[in-house]
Amino acid sequence: MSGRGLFINMEGGEGVGKSTNLGFLENFLRGNGVDVVVTREPGGTRLGEDIRDLLLQLREEPVDPTAELLLIFAARAQHIAELIEPALAAGKWVLSDRFTDATYAYQCGGRGVKRETVAQLEALVQGALRPDFTLLLDAPVSIGMRRAQKRGDLDRFEQETLAFFERVRSAYLRQAEVHGDRYRVIDASQSLVIVQQALAKVGTELLSKQIHRSAQS
Ligand code: Z5A
């Protein structure tokens with residue numbers, strides 16, 4: 001495949017199965033000849049992973065929502081410059097465990113930051129870069145929390161309340177409505193086999209989208 005690669009992000013509340021299913025989609029794409037780079041946010045670079053540690057660690061003092069927001073976009077700026085843009089320009093596909101849709105969900109939905117504030121930072125940090133495709137794994141909050149809690153120690157986000165995660169879920173579903181052209185919503189409350197059948201279908205759609213794009217360029 002030639003030309004610029006596709007940029008895909010996988011989203012959802014905690015414990016919905018992003019990491020598990022990102023691995024499935026990666027294998028599906030590789031099996032179909034795609035050169036894919038898998039990454040995550042916050043993180044993806046050494047600087048970004050250091051910022052991730054700062055964001056997730058439990059702290060005695062409350063973290064100001066604007067401080068949190070700026071740390072997320074600082075990590076994202078480095079991620080784009082160091083990894084995402086070079087990979088896409090080289091024709092690779094980038095599969096990211098979360099991107100700015102998570103900021104609209106967690107910081108706007110969860111913390112109450114204004115959408116316009118995030119939109120301003122999005123324009124500053126990303127320029128025209130937006131995901132080509134966004135996969136939202138959606139499940140009732142109680143299911144995701146139960147799955148995540150099985151893992152033991154909870155980080156700063158995982159310690160949030162049920163109401164916080166309900167707001168995050170609603171904000172994701174709103175994003176999916178606003179950006180229906182690039183969003184595919186998968187019911188992640190189903191068994192892993194069914195979820196992955198749905199993912200394989202989306203994977204096939206992505207492959208045909210890229211073939212179509214290559215033919216046009
Ligand atoms: N954050 C933010 O606030 N703003 C931003 O802009 C960004 C991020 C980018 C870290 O993200 C935090 O950063 C995140 C929001 C914030 N905090 N929260 N919450 P993260 O993505 O690293 O953290 P996470 O959401 O907690 O992801 P996770 O812990 O890796 O969960 P997951 O990837 O969605 O789930 P999983 O590990 O693949 O699966 C969990 C378990 O469920 C596992 O045992 C699986 O085997 C099982 N599972 C998965 N699917 C199924 C099905 N279908 N059936 C049964 N069992 C299943």
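Author: A molecule sits in a pocket if more than half of its atoms lie within 2 Å of the pocket's grid points. The model discussed here is predicted.

Reader: What makes you say that the ligand sits in the largest pocket?

Author: The test is more than half of the atoms within 2 Å of the grid points. The ligand meets that test for the largest pocket, so it is said to sit there.

Reader: Why is the contact of Lys18 with the ligand called polar?

Author: A polar contact needs a pair of N or O atoms within 3.5 Å. In the side chain of Lys18, an N or O atom is 2.9 Å from an oxygen atom of the ligand, so the pair qualifies. Tyr106 has a polar side-chain atom 3.4 Å from a nitrogen atom of the ligand. For Arg147 the distance from a polar side-chain atom to a ligand nitrogen is 3.3 Å. Both pairs are within 3.5 Å and therefore count as well. As for cover, the ligand on its own has 1100 Å² of accessible area, and the protein covers 83% of it.

Reader: What makes a residue part of the shell around the ligand, and which come nearest?

Author: The cut-off is one heavy atom within 4 Å. There are 28 residues around the ligand, and Ser19, Thr20, Arg52, Arg98 and Arg151 come nearest. Helices α1 (18-31), α2 (46-56), α3 (65-89) and α4 (100-110) each give at least two residues to the shell. The largest share, 4 residues, is that of α4. By class, the shell holds 10 nonpolar, 8 polar and 10 charged residues.

Reader: How do you know which residues line the largest pocket?

Author: A lining residue has an atom within 4 Å of a grid point. The largest pocket, with a volume of about 760 Å³, has 35 such residues, and Glu14, Gly15, Lys18, Asp97 and Arg98 are the closest to its centre. At least two lining residues come from each of α1, α2, α3, α4, α6 (141-149) and α8 (192-216). The lining divides into 13 nonpolar, 10 polar and 12 charged residues.

Reader: Why is the other kind of space called a cavity and not a pocket?

Author: In a cavity a 1.4 Å probe fits but cannot get out, whereas a pocket is open. The count is 1 cavity of 30 Å³ or more. The largest cavity has a volume of about 130 Å³. Its lining has 15 residues, with Gly13, Glu14, Val16, Ala139 and Val141 nearest the centre. Strand β4 (133-138) and helices α6 and α7 (162-178) each supply at least two of the lining residues. The lining of the largest cavity comprises 9 nonpolar, 3 polar and 3 charged residues.

Conventions:
Residues numbered from 1 in each chain as written. Predicted model: local features only at pLDDT ≥ 70, side-chain atom pairs only at ≥ 80, totals over all residues. Heavy atoms only, no water. Polar contact = N/O pair within 3.5 Å; in protein donor to acceptor, adjacent residues only side chain to side chain. Areas by Shrake-Rupley, 256 points an atom, 1.4 Å probe, with all protein chains shown as cover. 1 Å grid on protein atoms, 1.4 Å probe; cavity = no way out; pocket = protein on both sides within 12 Å on 5 of 7 lines; lining within 4 Å. Nonpolar A, V, L, I, M, F, W, Y, C, P; charged D, E, K, R; others polar. Points joined across faces, edges and corners; volume = space filled by probe spheres on them.
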